[in-house]
Amino acid sequence: MIKNKSGVWGEIYAARYLRDNKYKIITSNYVCRFGELDLVAFKNKTLCIVEVKTRDEETSVRPMEAVDENKQERITMAANSFLRYSKLDYPTRFDVCEVYLDKDCNPVKINYMENAF
């Protein structure tokens with residue numbers, strides 16, 4: 001899967017945000033037949049499946065709105081695949097990280113939502 005430039009930068013900034021907030025990143029861009037997991041991280045004995053949504057700072061639509069029921073279902077199925085493959089057995093939650101970038105792909109704002117769905 002080819003990502004656009006802003007999407008790649010969004011994931012880089014989201015990963016930095018997680019590390020700065022004491023998350024341990026386990027993997028990024030896990031791909032299986034159900035889809036992709038942007039980031040998988042661990043904090044406080046909880047496995048966090050993180051969907052990263054990146055938009056420019058001028059957007060009028062929240063990035064979270066792109067994580068509709070169909071997207072949530074694909075993420076959930078991909079997470080189940082990852083959990084079976086990795087044999088990790090921890091409480092799991094689904095988070096969304098909204099990353100807003102300026103025209104030069106610098107972060108303007110990051111909104112992190114735990115238990116987003």
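Biologist: What is the relative accessible area of Ile-12?
Modeller: This is a predicted model, in which local features need pLDDT of at least 70 and side-chain atom pairs count only at pLDDT 80 or more, while totals for chains, interfaces and linings use all residues. Residues are numbered from 1 along each chain as its sequence is written, and side-chain values use heavy atoms, with hydrogens and water left out. Ile-12 is placed in helix H1, residues 5-20 (helices, H or I of at least four residues, and strands, E of at least two, are DSSP runs numbered from the N terminus). Ile-12 counts as partly exposed (buried is under 20% relative accessible area, exposed over 50%, partly exposed in between, with a 1.4 Å probe and protein chains only), and its value is 35%.

Biologist: Which residues make the nonpolar surface patch with an area of about 230 Å²?
Modeller: A patch takes residues with over 30% relative accessible area and no salt bridge, joining like charges within 9 Å and nonpolar side chains (Val, Leu, Ile, Met, Phe, Trp, Tyr) within 5 Å. A salt bridge is a side-chain nitrogen of Lys or Arg within 4 Å of a carboxyl oxygen of Asp or Glu, and areas follow the Shrake-Rupley method with a 1.4 Å probe, counting only the protein chains shown as cover for residues. The residues of this patch are Val-8, Trp-9 and Ile-12.

Biologist: Which element gives the largest share of the largest nonpolar core?
Modeller: A nonpolar core is a set of buried Ala, Val, Leu, Ile, Met, Phe, Trp, Tyr and Cys residues joined through side-chain atoms within 4.5 Å. The largest one has 16 residues, and Leu-37, Val-40, Ile-49, Ile-75 and Phe-82 have the most contacts inside it. Two or more residues come from each of strand S1 (24-32), strand S2 (35-43), S3, H2 and S4. The largest share, five residues, is given by H2.

Biologist: How many residues are in the second, separate core?
Modeller: Leu-18, Tyr-23, Ala-41 and Tyr-112 are among the members of this core. Its number of residues is 15.

Biologist: Is Ser-81 buried or exposed?
Modeller: Ser-81 lies in helix H2, residues 69-86. Beyond four places in sequence, Ser-81 touches Tyr-30, Cys-32 and Phe-34 (contact means heavy atoms within 4.5 Å). Because its relative accessible area is 12%, Ser-81 is buried.

Biologist: How far apart in space are Val-52 and Tyr-85, C-alpha to C-alpha?
Modeller: Val-52 belongs to strand S3, residues 46-56, and is buried at 7% relative accessibility. Among its contacts outside four places in sequence are Asp-38, Leu-39 and Cys-97. Val-52 and Tyr-85 are 33 residues apart in sequence, and their C-alpha distance is 22 Å.

Biologist: What is the relative accessibility of Thr-54?
Modeller: Thr-54 is also found in strand S3. Leaving aside neighbours within four places in sequence, its contacts are Ser-6, Gly-7, Gly-10, Val-99 and Leu-101. Thr-54 counts as buried, at 11%.

Biologist: Which residue in S5 is the bridge partner of Val-99?
Modeller: S4 and S5 run antiparallel and are joined by six bridges (strands pair if DSSP finds at least two bridges between them). In S5, Val-99 is partnered by Ile-110.

Biologist: Which residue in the hairpin of S4 and S5 takes a positive phi?
Modeller: The hairpin has five residues between its strands. The residue in question is buried at 9% relative accessibility, and its phi is near 65 degrees. It is Cys-105.

Biologist: Is Lys-87 buried or exposed?
Modeller: Lys-87 is in the loop between H2 and strand S4 (92-101). Its phi is near 60 degrees, a positive value in a residue other than glycine. With a relative accessible area of 70%, Lys-87 is exposed.
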